[in-house]
Each structure stands twice: as C-alpha cells, then as structure tokens.
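Subject: Structure for you to look at

Dear colleague,

I am passing on a structure that you have not worked with before, and the notes below it are meant to help you find your way around. Please look at the structure first and then read on.

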2 protein chains.
Amino acid sequence: MSDTKSRPLTLRDVSEASGVSEMTVSRVLRNRSDVSQATREKVLAAAKQLGYVPNKIAGALASQRVNLVGVIIPSMSNMVFPEVMTGISRVLEDTDLQPVVGITDYLPEKEEKVLFEMLSWRPSGVIIAGLEHSDASRAMLRAAGIPVVEIMDVDGDAIDAAVGISHRRAGQQLGEAILAAGYKRIGFMGTKMPLDHRARKRFEGMTQALAKGGVEVADQEFYSGGSALAKGREMTAAMLERTPDLDFLAYSNDMIGAGGLLYLMEQGIDVPGQIGLAGFNGVELLQGLPKQLATMDACRAEIGQKAAEIIVKRIANPDTAASGHVELTPTLSFGDTLRQS
Amino acid sequence: MSDTKSRPLTLRDVSEASGVSEMTVSRVLRNRSDVSQATREKVLAAAKQLGYVPNKIAGALASQRVNLVGVIIPSMSNMVFPEVMTGISRVLEDTDLQPVVGITDYLPEKEEKVLFEMLSWRPSGVIIAGLEHSDASRAMLRAAGIPVVEIMDVDGDAIDAAVGISHRRAGQQLGEAILAAGYKRIGFMGTKMPLDHRARKRFEGMTQALAKGGVEVADQEFYSGGSALAKGREMTAAMLERTPDLDFLAYSNDMIGAGGLLYLMEQGIDVPGQIGLAGFNGVELLQGLPKQLATMDACRAEIGQKAAEIIVKRIANPDTAASGHVELTPTLSFGDTLRQS
DNA sequence: TGACTTGATGTTAGCGCGATCCCACGGCCT
DNA sequence: AGGCCGTGGGATCGCGCTAACATCAAGTCA
C-alpha cells in the first residue's frame with residue numbers, strides 16, 4: 001500500500017519481507033517442491049502483500065530458458081490465421097509455453113525483420129507460415145537451434161518440420177470437380193498479391209487440372225485492398241459484363257466468393273444451374289449465407305494444433321527424430337453452388 | 001558456416017572475430033555514434049558473417065529498458081480488435097517500440113493471468129481494452145509504474161489514461177434515431193456475454209433513450225458462439241415468429257445484423273419501410289451487402305492510434321501531465337435500413 | 001554410535017549485455 | 001613546453017534472477 005518510492009520490486013524485497021533467502025523465495029514462486037509448507041505460505045503472503053511480479057527477463061537470462069513460442073503469420077484480418085492461432089493456443093495452454101505473434105503483411109523483408117526481433121528474445125520454438133522465406137530468414141531459423149515448424153503449406157522444402165495441406169493438390173481437386181460437373185467457361189478471381197504463394201499454388205493446381213480436361217480459364221481478375229465482400233461483388237459484375245458466357249466462377253477465398261454469390265442472387269441468376277461458384281477456406285461466415293458456397297476446408301485449427309504439438313514435443317525432448325512432416329487433406333464441400341456429378 | 005558446436009553466439013564471438021572489445025561491438029550494433037567508420041564496418045561484417053542475433057534478454061536486463069508495449073484485448077476474431085491493432089501498429093512502427101498482444105476471451109481471470117505474464121516481461125507501457133478490471137489487475141497496473149491506456153470505452157474511471165467512445169451515449173444516439181424515425185415496436189438481439197461491458201452499456205443507453213420517448217424493447221434475445229451471420233439469421237427468424245409486429249430490429253454488432261438483413265431480404269420484407277435495422281461497429285464487411293446496414297462507427301483504428309500516441313509520448317517524457325482522456329465521437333450512418341427523419 | 005540419508009535452506013557464481021567511468025592519443029591554443 | 005580539449009576505444013561492474021553446490025539439522029539403519 002505504501003507506494004513511497006515505487007522502486008521496482010525484486011526478489012530481495014520479498015525475501016526481506018518474509019525473512020528467508022532470495023533463493024527460497026525464488027523456489028516458492030516457481031513451485032519447486034523442496035520448500036516446507038510453512039515457509040511457502042509465508043513467502044506467498046509476503047509476495048502478494050507487496051504485489052510482487054517476477055522479472056522474467058532476469059529469470060530467462062539466468063536459466064537460459066524462455067517459455068515463448070514465436071508465431072509468424074502474414075495477417076490477422078484474413079480469418080484463416082486467427083483460427084490457426086486458436087489451434088495453437090489450445091495446445092499451448094496446457095503447457096507453460098506462450099505464443100507470441102508477429103505479423104509480416106506478406107512482405108518478405110518484414111518477415112525477416114519480425115523474425116530477427118523475435119529470435120532476439122530467444123524463444124523456445126518458432127511456428128512460421130509458408131515455406132518461402134528469404135535466404136537470411138532461413139539461415140536465422142537454422143542457426144537458432146530451436147524447433148521450427150512451417151505451417152499452411154507442404155508444397156516445397158521445409159527447414160525443419162512442416163504441417164499443412166498441399167494447395168496445389170487442393171486446386172487440382174477443385175479443377176477436377178469443376179470438370180466433372182460439366183462446366184466449360186471458367187472465370188477466376190483472386191487477390192493480386194504476388195506474394196501469397198499459397199493462393200498462387202491453388203490457382204496453378206486448378207488451371208493444370210482444367211487443362212487436362214481441355215478447359216482453360218476464360219477470364220481472370222485480381223484485386224487488392226478494400227472490403228473483400230464488396231470486391232467480390234464488383235469483380236463479378238465486371239467479369240460477367242466482359243465475358244457474359246462464363247458458366248463457373250472460382251474465387252481464391254470465401255469472402256470474395258460470398259460477395260459474388262450475393263450479387264448473382266440479386267441478379268436472379270440460377271446458381272449453380274446457370275453459373276457455378278466456389279471459394280476457398282471454409283470460413284464460418286459462410287454458414288449464414290442464403291446458399292452454401294462450395295469451398296475447401298483448409299484445416300486451419302488442426303494445422304495450428306499439430307504444429308504446436310510438434311513444438312511441445314520437440315522442446316520436451318530435443319533429440320526426437322524429426323517426424324515433422326504432416327500433410328492434412330482438405331475436403332471439398334459442394335454446398336449449393338457446385339453441381340455434384 | 002561451421003556449425004560445429006552450435007553454441008549460441010554472443011557479443012564475445014563477434015568481438016573475437018573482429019578484433020575489438022565487446023563494448024565496441026555493442027556500440028556498433030546499437031548504432032551509437034562514437035565508433036570510427038572503419039571499425040564499424042569491420043564489426044558489422046563479422047556479425048553478419050557469423051549470423052549473430054543480439055540477445056535482447058541480456059540487453060534489457062542490463063539497460064533496464066524493454067521496447068515492448070503490452071496490448072491486452074478480449075479477442076482477435078471480433079473484427080474490431082484487429083483494426084485497433086492496425087492503428088496501434090501504424091504508430092509504433094515509427095518508433096522502436098513493439099506491440100505484444102495478449103488475449104483474454106472476455107474473462108476477468110484470464111485477463112489477470114495474461115496481465116501478470118505480460119508485466120513480468122517489464123513492458124514499457126500497456127494498452128488494455130475496457131475500464132472494468134479485477135482489483136488485482138488494477139493494482140498490478142498501478143504498481144507497474146508504466147503508462148497504461150485503457151481503450152474502447154470512456155464510461156467509467158480510468159487507471160491512468162483512456163481513449164474510446166461512450167458506448168452509453170452511442171446507444172442513446174441510436175435510440176433517439178429510432179424514435180425520430182417513428183419506429184415503435186423494437187426488438188433487440190445481442191451476445192449473451194455478461195462480460196462484454198461495452199455491449200451492455202450500448203444496450204442500456206438505447207433502452208434509456210427509447211424509454212424517454214415512451215417506447216420499450218418489445219422482445220430481445222441473446223446468443224453465444226457459432227457463426228454470427230448464421231445466428232443473426234436464425235434469431236431474426238425466431239423473433240419475428242414470436243413477435244410478428246416488430247417494426248425495428250437492433251443488433252449488438254454488424255455481423256448478426258447482416259445475417260438478419262439477408263434473412264429479411266430473402267423473405268421479401270420491405271426494409272426499412274416495414275422493418276428497420278441497425279447494427280454496430282461499421283465493419284468493412286458491410287460494404288459488400290445488398291443494402292447498407294445502419295451502423296455506428298466505433299472509431300477503431302483511431303482509438304488504437306491515439307492510444308499508441310499517448311504511450312509513445314509518455315515513454316519519451318514520463319513526467320508529462322496526464323492529458324490522457326480522449327473521447328472520440330462515433331457517427332451514426334443510416335445506410336439503407338434506418339429511415340432518416 | 002557413527003556413517004549415511006533426507007529435507008530444507010543458504011551461498012556462490014554466473015547468464016549476456018549496457019551504463020559508466022577510464023585511458024591513450026593527436027591536435028590546438030597560449 | 002604545458003595545458004586542454006575531443007575522439008575512439010577499453011575495463012569494470014551490476015541488472016535480477018537461477019543452477020549448482022554447500023550446509024545443517026533431524027532422522028535412519030546396522
């Protein structure tokens with residue numbers, strides 16, 4: 001209560017207040033077993049009374065252990081990543097590890113910067129989105145000597161462990177479903193981001209599958225920024241104006257897909273009879289739409305969970321043989337906007 | 001390249017590699033001016049060659065300075081908070097401060113835990129959502145001796161500084177607009193969360209304003225969990241079934257409002273003639289809806305920005321007189337779902 | 001009874017850095 | 001020549017904590 005000097009509290013203050021050594025206080029506060037019940041209570045009372053908050057900086061330096069796991073992702077407003085975070089948190093909550101997030105905005109330079117900052121806190125592990133990183137980033141991750149799990153994607157080479165889906169294969173699967181449903185004139189809409197490698201791989205997979213069936217993408221458009229729902233609406237309108245004979249529209253994410261769906265329904269266009277639609281990601285949002293948009297679940301929460309589990313296991317037992325390549329299988333849901341053959 | 005032992009690198013390694021003292025290396029890596037150009041280059045080359053990443057833990061302990069700002073918010077999937085984060089980041093990016101986020105899930109106990117963890121890293125400042133905190137949390141914040149900005153809300157007493165809007169007044173304003181438009185039979189839908197104080201205050205403000213005009217909320221329903229869009233749809237259907245003569249529906253957030261709007265449009269109900277609608281928050285999503293939902297902008301990005309600015313100012317100059325109570329004014333947009341008198 | 005455990009606590013020595021003070025050297029003035 | 005500065009760089013200490021060992025009383029067993 002006496003805020004006289006407000007000099008930050010240290011172990012010593014608690015030790016003086018409770019009449020035992022600093023070491024004993026440290027032991028009590030870390031729940032180490034070899035302290036008598038009486039002392040423990042005395043110390044805890046003193047600590048609470050003073051309002052002592054341990055200094056993890058000093059603790060980490062002394063013990064050479066930091067209970068943080070760096071999580072590096074491109075964005076938080078993408079829906080997908082908060083869900084991945086949920087998966088990660090669920091697992092880490094049962095341990096004494098804590099996630100710390102860094103955002104890259106899909107920029108390799110920023111990823112490098114964020115990673116550097118993160119590593120300078122010496123985390124116990126890193127979970128990082130994607131397999132594409134600058135040479136410097138890869139070098140840092142390798143040199144850090146800690147478990148590293150690359151998530152979301154498995155189409156490429158991992159530094160250490162990887163958990164994700166094959167976006168190329170997901171795109172192929174969608175392409176095949178489009179062919180099987182008999183659509184011929186395909187339009188594609190997606191983000192402009194040349195740096196969203198996963199969206200690119202999905203697109204490549206899809207075009208490849210379509211090509212096998214002798215079908216090409218008849219029109220395409222890319223956007224950046226703005227409200228995704230509104231963009232989906234606008235792009236759809238523009239594309240159908242430009243290329244009126246399209247019979248299928250593929251969107252690189254559910255949000256613009258939903259915008260397109262709303263537009264088509266307003267126009268009284270028969271979906272999926274006249275035009276079929278598909279998005280990607282299986283976001284929860286879709287459940288409230290007038291029609292269920294066809295989509296592919298990207299296994300977001302599960303990716304986070306598995307990644308965190310790998311980290312936890314590796315930290316508990318550093319010499320575990322790698323075992324770190326988990327490929328999950330996204331499932332295509334046809335919803336009400338993609339004919340099922 | 002020789003990863004022989006992979007013992008973590010320290011200043012000493014760089015110092016030996018470059019033939020100067022550790023102190024000089026430290027000076028170079030912190031861009032301190034009193035080092036000759038020649039030495040500087042030599043050191044930087046050695047550091048890069050070794051792939052040295054400074055240890056901030058040691059640095060922070062030695063300098064008693066940590067360039068982190070704790071940001072404690074209830075959720076990341078609420079749309080609102082990522083936008084607040086954006087505002088914060090934009091400001092902090094021009095400084096050497098870095099935000100670190102903690103999530104409370106709207107639970108006071110978790111807030112307390114997260115805060116404790118956060119403070120144990122001795123951040124330079126804290127931005128925390130809401131004005132309602134446990135006694136222990138308030139005590140910790142006060143005792144930390146660092147700038148604290150409580151955001152989102154100004155209806156209550158702040159520990160240190162506060163930036164936000166008056167949710168009570170926002171609710172009142174909406175209530176008045178509803179009255180002015182001549183609606184009489186009001187239905188309300190919102191989240192169940194007894195702990196979302198801001199939603200509660202908005203509701204109270206609205207009912208209070210309505211009461212002044214002799215109007216009561218005729219029906220209400222609260223939900224928790226699930227897809228907000230779908231919930232809005234379901235609750236709206238259920239409420240109109242139960243109380244068919246409602247002529248206005250107020251939603252505690254835009255997402256469920258959007259669900260309700262989609263449902264009403266499908267049912268061919270005249271909005272806002274037969275039934276008026278309003279949400280809250282002004283999320284970007286709304287722009288893609290068939291009709292613009294009436295809403296109030298909660299000044300999210302601006303709140304984050306102002307809060308970060310206060311933190312930055314206080315850190316730069318700790319004895320600045322408080323100056324820390326910023327009330328922003330939300331603007332009501334009538335959109336296409338609320339008659340304008 | 002003495003050698004040996006066991007449990008509870010204290011002592012010492014860093015962890016890797018940065019604040020602070022210190023020194024050596026060259027140039028410049030009087 | 002002597003004094004004085006400014007510049008580049010080194011030496012020392014301590015930040016607050018914990019690992020590892022040391023200590024010491026009170027059993028425990030042959």
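What follows concerns one helix of chain B and then the relation between the two chains.

Please keep in mind throughout that this is a predicted model. Helix α3 of chain B runs over residues 37-50, and at 1.5 Å a residue its 14 residues should span 20 Å, which agrees with the 20 Å that separate its end C-alpha atoms.

Within α3(B), the buried residues are Thr39(B), Arg40(B), Val43(B), Ala46(B) and Ala47(B). Because these cover an arc of only 135 degrees around the axis, they lie on the same side of α3(B), and they pack against α1 (11-18) and α2 (22-29) of chain B. The other side of α3(B) carries Ala38(B), Lys48(B) and Gln49(B), which are exposed. Just after this helix comes Gly51(B), which takes a positive phi of about 75 degrees.

As for the two chains, a turn of 180 degrees, with a shift of 0.0 Å along the axis, lays chain B on chain A with an RMSD of 0.1 Å. The two copies are therefore related as by a two-fold rotation axis. In chain B, the C-alpha nearest that axis belongs to Ile57(B), at 2.9 Å from it. Both copies use the same surface, since 100% of the contact residues of chain B recur in chain A.

With best wishes

Methods. Residues are numbered from 1 along each chain as its sequence is written. Chains are lettered from A and ligands numbered from 1 in the order in which they are written. This is a predicted model: local features need pLDDT of at least 70, side-chain atom pairs count only at pLDDT 80 or more; totals for chains, interfaces and linings use all residues. Side-chain values use heavy atoms; hydrogens and water are left out. Helices (H or I, at least four residues) and strands (E, at least two) are DSSP runs, numbered from the N terminus. The expected span of a helix is 1.5 Å times one less than its number of residues. Buried means under 20% relative accessible area, exposed over 50%, partly exposed in between (1.4 Å probe, protein chains only). The arc is that of the directions from the helix axis to the C-beta atoms. Contact means heavy atoms within 4.5 Å. Copies are superposed by least squares on the C-alpha atoms of residues with pLDDT of at least 70 in both.
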